[in-house]
Amino acid sequence: MVAAMKKIIISIMFCMMILSSCTNKGISTNNLNGNKKNKIHIVMIGKGYENLFWERVKEGATNAAETYGIDFDFEAPKKDTAIDEQLSLLEAAIEEHVDAICISGLDDQKCIPYYDKAKEEKIPIIVFESRTDYDGVTSTCATDNYEAASLVAEKMADSIISGEIAIITHSNLNNSGKDRRDGFKYKILNEFKQITIVDIQYCEGNSEKAENIARNIFQEYPNLKGIFGTNESAMIGILSAMKGLERKDVVVAGFDSGTEQINAVCEESELGFIAQDPINMGYIAVETAIKAVSGSEILELINVNYEWVDSNNIGEDKIKEMIYE
């Protein structure tokens with residue numbers, strides 16, 4: 001009985017020491033692993049700075065870093081087509097031996113050798129926003145892009161009933177682009193036979209390129225009924241082309257948020273868009289990285305909430321928390 005009580009007292013004292021250390025100094029790798037680092041250092045690597053989505057992700061991630069008292073850096077290439085620049089950032093983080101890396105890869109296949117290296121160095125990799133085909137990552141924190149795009153397909157099909165439509169995708173190299181393309185495409189092909197997808201193009205995350213693509217599609221398919229843009233950049237281009245060509249007869253639907261899409265939905269020139277939850281995504285990704293470093297149990301896949309936004313719900317409080325201008 002006395003021995004048992006001693007064990008309980010020792011356990012309580014140990015837990016109090018850990019809690020005190022975390023509260024006063026932030027969670028440290030010295031607390032967790034016995035090394036000489038003062039605090040956990042986590043690097044988050046986004047896809048770019050061109051879309052406000054990444055600023056909101058950074059905001060959520062920074063909130064998590066401040067809550068847990070860790071060292072945190074957010075990095076990204078200047079443009080979301082700069083694959084080599086992003087790979088250099090990933091390589092530098094690995095060589096620095098940071099405690100964990102959160103990344104949304106621009107080119108999933110090109111990231112894999114670096115993921116292998118991180119695994120060798122025992123650095124947890126948390127993939128966020130876009131899933132990876134690599135089996136060795138620690139956890140994935142993302143919107144179910146395939147499912148969300150399927151919902152967009154349903155909304156568009158309900159609106160146009162029949163006719164020709166097109167897709168402008170932001171990337172065919174990362175899985176957010178491919179999953180959104182495929183989720184939309186296969187929903188249409190399998191369930192809405194009266195609708196024909198006449199073209200699928202890729203804008204490489206560039207709104208000007210998306211506008212040129214949209215203009216060409218409008219000219220080639222004068223009877224086009226609808227276009228789906230798979231991210232903010234794609235939709236900025238599509239909406240600009242529609243305005244320039246005065247194509248008010250085309251139903252458009254998108255992904256992400258931004259001033260242009262919010263205004264278009266309010267004006268009912270856009271059917272709607274999928275709003276992700278970037279602040280929550282950033283927070284959860286960093287929190288999961290911290291848990292991975294500490295040896296806590298984590299989920300291999302964390303699906304982050306999304307919402308369909310249209311003129312009926314854009315003013316709701318929960319939607320306002322997710323969209324950005």
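Helices H4 and H5 are roughly parallel to each other, since their axes, in this predicted model, cross at roughly 0° and come within 10 Å. Helix H5 comprises residues 108–120, and H4 comprises residues 83–95. On the H4 side, the contact is formed by Ile 83, Leu 87, Leu 90, Glu 91 and Ile 94, and these meet Lys 110, Cys 111, Tyr 114, Tyr 115, Lys 117 and Ala 118 of H5. When the residues of this contact are sorted by character, eight are nonpolar and three are charged, whereas no polar residue takes part.

Helix H4 also carries Gln 86, a residue that counts as buried because its relative accessibility is 0%, against a cut-off of under 20%. The side chain of Gln 86 places a polar atom 2.9 Å from the backbone oxygen of Gly 46. When residues up to four places away in sequence are set aside, the residues touched by Gln 86 are Ile 45, Gly 46 and Lys 47, together with Pro 77 and the run Ile 103, Ser 104, Gly 105 and Leu 106. Gly 46 thus appears both as a residue touched by Gln 86 and as the one whose backbone oxygen lies 2.9 Å from a polar atom of the Gln 86 side chain.

A second helix pair is formed by H6, which spans residues 145–160, and H7, which spans residues 175–191; their axes lie 7 Å apart and the helices pack at an angle of about 40°. This angle makes H6 oblique to H7, and the crossing in which H6 passes H7 is right-handed. From H6, the contact draws on Asn 145, Tyr 146, Ala 149, Ser 150, Val 152, Ala 153, Glu 154, Met 156 and Ala 157, while H7 contributes Ser 176, Asp 179, Arg 180, Asp 182, Gly 183, Phe 184, Tyr 186, Lys 187 and Ile 188. The residues of the contact of H6 with H7 comprise nine nonpolar, four polar and five charged, whereas those of the contact of H4 with H5 comprise eight nonpolar, no polar and three charged.

These local arrangements belong to a protein whose secondary structure comes to 12 helices and 12 strands. Of the 325 residues in the protein, 53% are buried, and Gln 86, at 0% relative accessibility, is counted among the buried residues. Among contacts in the protein with a separation of 6 or more, 71% are accounted for by residues 24 or more positions apart.

Key. Residues are numbered from 1 along each chain as its sequence is written. This is a predicted model: local features need pLDDT of at least 70, side-chain atom pairs count only at pLDDT 80 or more; totals for chains, interfaces and linings use all residues. Side-chain values use heavy atoms; hydrogens and water are left out. Helices (H or I, at least four residues) and strands (E, at least two) are DSSP runs, numbered from the N terminus. Buried means under 20% relative accessible area, exposed over 50%, partly exposed in between (1.4 Å probe, protein chains only). A polar contact is a pair of N or O atoms within 3.5 Å; within protein, one must be able to donate a hydrogen and the other to accept it, and residues adjacent in sequence count only if both atoms are side-chain atoms. Contact means heavy atoms within 4.5 Å. Axes are lines fitted to C-alpha atoms, for helices over the stretch in contact, and angles run from 0 to 180 degrees between N-to-C directions. Angles under 35 degrees count as roughly parallel, over 145 as roughly antiparallel, 65 to 115 as roughly perpendicular and the rest as oblique. A crossing is left-handed if the near helix is turned anticlockwise from the far one by less than a right angle, and right-handed if clockwise. Ala, Val, Leu, Ile, Met, Phe, Trp, Tyr, Cys and Pro count as nonpolar, Asp, Glu, Lys and Arg as charged, and the others, Gly among them, as polar.
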